[in-house]
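Hi,

Here is the model I said I would pass on. Have a look at it first, and my notes on what turned up are underneath.

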Amino acid sequence: MSNGTLEIKAISGHTGTVPGRDTSRDYAVAKLIDVTTCIGCKACEVACLEWNGYPFRETTFDNTYQTMPDTAWNYYNLIRFDEHTAEDGTFSWLMRKDGCMHCADPGCLRACPSDGAIVQYANGIVDFQQENCIGCQYCVTGCPFNIPKFNAETKKVHKCTLCSDRVGVGLEPACIKACPTGCLHFGSKDDMKDLAEKRVAQLKEHTSHKNAGVYDPAGVGGTHVMYVLHDIEHPERYGGLPKDPQVPLLVRMWKGPVKWLGNLAMVAGIVGVAAHYVRFGPKEKHED
Amino acid sequence: MTNGWIDIKNTDMMLIMGGNPAENHPCGFKWPIEAKRQRNAKMIVVDPRFTRTAATADMFVQIRAGSDIAFLGGMINYALANGRINKEYVANFTNAPFVVKDDFKLPEEDGVFSGFDAATQVYDKSTWNYQGSGGTGKGLPEKVTSDPSLENPRCVYQLLKKHYSRYTPEMVEKITGIPKEKFLAAADLFTSIRKDGDTKKVATVIYAVGWTQHTFGSQIIRTAAMLQLLMGNVGRAGGGVNALRGHSNIQGATDIAGIFDNLPGYLKVPTPADTDFKAWMTRITPTSSKPGDWESWNYWSNTPKFAVSLLKAMYGDAAKKENDWAFHYLPKVDRNYSWTYLWDGMYNGHVKGLLAFGMNGVMVGPNSGKNIDALKKADWLVVCDIYPDETSEFWKSPGIKPEEMKNIKTEVYRLPGAGFAEKDGTFVNSARWLQWKWVAVPPPGNAKLDHEILARIFLKVRELYQKEGGKFPDPIVNLSWGYTNPQSPSLAEVARELNGKALADIKDATGAELKSGQQLPGFAWLKDDGSTSCGIWIWCGSWTEAGALIQRRGTDDPSGLGAYPNWGWSWPMNRRVLYNRASCDVSGKPWDGSRKQVWWNEAQKKWVGVDVPDFKADSAPKDHMGPFIMNPEGVGRLFAPLAAMAEGPFPEHYEPFESPTVNLLHPKQQNNPVVKKFTSAADKWGTKESGFNVICTTYRLTEHYHYWTKNNPVNVQLVPEPFVELPVELASDLGIKGGDKVKVSSARGIYIAKAMVTHRIKPMQINGEKVYQIGMPIHFGYRGIQEDEGRTERMLVNELTPAVVDPNAYTPEFKGFLVKVEKA
């Protein structure tokens with residue numbers, strides 16, 4: 001990846017133009033996770049932990065191979081393990097690397113009221129800037145994938161950065177580097193889409209996975225983390241991956257009509273006050 | 001591996017059975033995935049559990065642990081009955097046409113081959129031989145009677161066909177629990193590469209300790225090898241029989257003879273019957289045995305060259321022709337010194353001390369309780385490891401009360417060794433590649449390099465012998481120890497010594513010359529006159545005058561098959577696929593032109609190719625030399641004659657030593673007739689009647705490495721606690737929920753851990769009865785992060801496992817023993 005990929009495209013809670021926006025031509029990046037070749041080895045989990053320098057945390061046995069029930073503020077990358085029995089009795093053990101999807105239309109960024117706490121780079125990476133985070137957790141509400149996690153101690157929210165610090169200097173994300181089977185791929189969004197479509201065509205033609213498909217949901221404008229799934233009709237079987245994720249209505253309202261209405265109300269208030277002043281003049285001070 | 005990790009990408013079909021490579025070899029597993037992605041190769045996974053490997057398979061078949069020979073025998077029967085074999089390969093490259101002695105008898109009626117003495121449980125193997133003439137009369141005949149048409153009813157092919165005709169799909173279903181339709185689908189898919197006479201496609205068999213850890217483990221692997229020979233898959237890129245080694249250097253440990261009955265390079269050890277060097281050589285050097293008009297290179301005929309060169313490497317100038325090359329220095333192995341026998345010896349008070357280097361003996365088992373009791377009786381124990389482990393703290397194992405602890409007199413020494421990243425040297429991987437590694441960090445604190453510790457112990461012992469003499473000091477005081485730093489020999493120096501050098505100016509067969517002191521270019525140079533020394537003949541050629549080939553990192557691949565001839569060095573002589581002559585038909589033309597490895601070049605009158613030919617380079621195809629040059633027959637053995645295997649020339653299904661069912665093939669011969677078991681008070685066996693009605697198997701997890709990583713926070717975070725995997729149905733019978741504690745007991749011990757209730761193991765119908773299987777990872781013990789915090793029951797899985805072993809390799813039956821499951 002070129003250094004230019006960290007050009008900022010959108011900034012949370014920021015009015016006016018984005019500095020530097022559209023000044024250079026660049027391409028979007030994407031991570032492709034081919035779950036049909038994932039063996040759930042957790043190399044990506046360890047690579048993520050080590051690259052980000054997060055310490056050991058205590059876990060407990062929970063009747064599964066899954067490391068912990070959910071991602072955490074210091075555990076961005078979690079493979080979800082699900083056992084599934086189809087109607088015809090065919091059994092499958094599904095393993096899906098869960099983490100931030102880096103939506104093209106990020107609900108977190110839409111929801112965030114703090115200037116500069118969430119940025120979206122021109123290459124598609126959505127990154128949290130903790131120094132600007134006010135800990136309101138609106139981003140948690142805004143995410144249809146349940147990704148941003150709150151650190152109660154520091155009152156900041158964290159999530160996968162798609163290794164923006166590595167990508168920015170031309171390296172692949174740590175999880176990609178660690179993956180032993182080549183289930184994880186990284187490149188331009190176009191190339192990854194192409195790779196995904198080809199793999200899906202191969203699965204349909206040569207394996208029993210006739211419903212294979214690419215998960216790149218339109219409801220969030222497409223994502224910069226995509227999946228190849230054995231069965232695109234049932235993404236929810238993979239640890240509850242939503243079938244048709246959307247930015248929550250409330251968040252859309254908050255940044256769309258509600259914000260507009262709010263502004264209107266504020267303007268109306270000021271207008272009212274002004275009109276009142278014009279009509280009634282300054283408040284008189286009554287002497288006792 | 002006959003082939004190599006990368007070579008798996010060249011396959012069209014994979015049978016992964018007795019191994020779980022996605023779990024235990026995740027990095028190597030990229031190659032099966034690559035074969036699927038690039039070639040649309042199919043993957044069949046056969047396992048008692050739906051594993052991580054099964055998650056990516058095209059077909060998963062659940063099998064009862066320990067019924068593998070029944071499944072593979074059924075596959076052989078299917079391949080033969082449906083013409084799914086490579087007939088030209090079978091008729092020319094195997095012993096299928098060889099005619100077997102008339103008095104050889106198959107085990108179809110009573111479950112034993114000819115020559116069995118029920119009273120002593122010993123086989124007279126003289127009938128397990130070919131018909132023919134010449135030879136000593138005791139060994140193989142020099143000239144073998146053969147029938148190229150394969151129609152003689154006494155030829156190997158016909159006997160094999162008869163033997164496995166009993167392994168019908170119905171029989172397979174009853175024994176293995178695999179429904180007939182499922183078995184037929186798997187057999188059809190695997191053998192589909194030979195459909196309609198196709199000889200281009202190729203299939204591979206991939207296995208690990210899921211096959212070896214049975215009382216008939218060697219025979220399971222043989223069955224697979226036979227299936228691969230019948231289908232013509234051995235010697236070919238993308239084919240072979242591929243053992244996945246479970247540690248980074250297990251292959252190297254085996255090569256260099258970390259086994260009591262071998263010397264380095266798989267030379268057989270001398271026994272007390274070998275009265276002198278000549279007697280030893282006569283016994284272990286085979287003579288060729290073949291049909292009159294065929295050739296056999298019989299490479300082991302060079303054994304004396306390997307043996308003399310080894311003795312020169314060991315004893316230097318003290319090994320002379322006059323003293324039989326110091327043959328009398330070598331220990332003569334008078335009995336079985338394999339793992340379980342050593343512990344039994346200590347338990348019975350014969351073995352007084354133990355040096356435990358780089359292994360956690362108590363944890364490794366089997367029957368860990370017996371091993372802990374054995375250590376209590378030892379005089380001394382030295383443990384060299386990088387963590388305080390269960391073995392060095394055996395006297396603190398759960399259940400030992402303080403008053404008993406005081407009475408344990410064993411003197412324990414703990415030596416701080418170095419981890420793999422703290423020393424240089426080589427790893428030999430599953431693909432037989434010797435790869436040099438460099439030191440990453442020095443050993444911390446007072447820790448020392450393992451070889452320094454060993455060298456210093458040796459030097460001290462030698463000093464004592466020099467001072468005090470003793471009964472027979474010669475082998476110790478005359479041991480060659482000419483290292484620059486005797487206290488801590490450099491491993492590069494040791495590697496050069498293992499490769500070997502000329503001890504005089506010598507010439508090879510072509511007239512090429514080597515000066516005295518020069519490194520040997522390969523084992524073809526080895527002499528039996530004392531003019532060469534070589535520590536391990538199969539590694540000769542790894543560190544030559546051209547330098548350390550084991551340190552190469554060349555990434556060019558002219559073959560396009562992933563052979564990478566300039567990366568490291570693979571034994572023998574950098575050949576990447578063994579027996580690669582068999583990748584061509586009889587005329588010397590590759591079976592598949594798109595995967596050419598070696599071939600006969602008529603113009604040059606020699607074998608050429610992108611791999612090093614594993615063959616006599618100038619032997620023309622018309623001479624019909626067999627591709628399996630390490631067998632005296634020159635061909636692959638569908639029938640293993642004489643003493644090759646302990647329990648018979650053809651593998652037969654026997655029940656695991658502890659089994660919930662009767663042997664349907666021959667109810668009177670339930671188990672391996674020559675199985676090795678122990679008789680101490682601690683060796684107890686469970687039966688279904690005594691309540692042990694569930695089949696149990698043990699394994700490793702991706703997240704942990706044996707007994708080390710429970711000391712490493714990140715690994716502990718990934719899998720924090722021990723658990724027992726059990727089927728939903730069994731859990732519901734017993735009222736157990738996921739996370740509840742379960743108590744698993746065998747006749748030998750108990751194990752308590754949390755239940756992982758899963759759909760990945762299903763109940764099976766074995767011979768008409770419902771049977772449950774459970775499994776558990778082996779990693780946790782009584783020392784480690786969680787154990788030290790008191791978060792686990794601090795128990796050992798191997799307290800459950802039986803000390804009953806395969807009579808060929810002496811591997812214990814960790815897979816498929818009987819237990820009782822209760823809510824704890």
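Across the interface of chain A and chain B, 20 residue pairs are in polar contact, counting pairs with both residues at pLDDT 80 or more; keep in mind that this is a predicted model. On the chain A side, the elements giving two or more residues to the surface that touches chain B are helix H1 (43-51), strand S3 (78-85), strand S4 (91-98) and helix H6 (189-206). By class, that side of chain A has 17 nonpolar, 15 polar and eight charged residues.

Three salt bridges link chain A and chain B. One to click on is Arg760(B) with Glu83(A), where the closest N and O atoms are 3.0 Å apart.

As for the overall numbers, 40 residues of chain A contact 43 residues of chain B. The two chains bury about 3300 Å² between them, and 58% of that is on carbon and sulfur atoms.

I also went through the empty spaces. There are 12 cavities of 30 Å³ or more, and the largest has a volume of about 150 Å³. It is lined by 16 residues, the closest to its centre being Asp7(B), Gly562(B), Ala563(B), Arg576(B) and Val577(B). Its lining splits into nine nonpolar, four polar and three charged residues.

The second largest cavity holds about 120 Å³ of space. Of its 16 lining residues, Lys31(A), Cys48(A), Cys160(A), Cys163(A) and Cys175(A) are the closest to the centre. H1, S4 and helix H5 (174-178) of chain A each supply at least two residues of this lining.

Cheers

Terms used:
Residues are numbered from 1 along each chain as its sequence is written. Chains are lettered from A and ligands numbered from 1 in the order in which they are written. This is a predicted model: local features need pLDDT of at least 70, side-chain atom pairs count only at pLDDT 80 or more; totals for chains, interfaces and linings use all residues. Side-chain values use heavy atoms; hydrogens and water are left out. Contact means heavy atoms within 4.5 Å. Buried area is the accessible area (1.4 Å probe) that two parts lose on being put together, summed over both. A salt bridge is a side-chain nitrogen of Lys or Arg within 4 Å of a carboxyl oxygen of Asp or Glu. A polar contact is a pair of N or O atoms within 3.5 Å; within protein, one must be able to donate a hydrogen and the other to accept it, and residues adjacent in sequence count only if both atoms are side-chain atoms. Helices (H or I, at least four residues) and strands (E, at least two) are DSSP runs, numbered from the N terminus. Ala, Val, Leu, Ile, Met, Phe, Trp, Tyr, Cys and Pro count as nonpolar, Asp, Glu, Lys and Arg as charged, and the others, Gly among them, as polar. On a 1 Å grid over the protein atoms alone, a cavity is a set of points where a 1.4 Å probe fits but cannot get out, and a pocket is an open set with protein on both sides within 12 Å along at least five of seven lines; lining residues have an atom within 4 Å of a point. Grid points are joined across faces, edges and corners, and a volume is the space filled by probe spheres set on the points.
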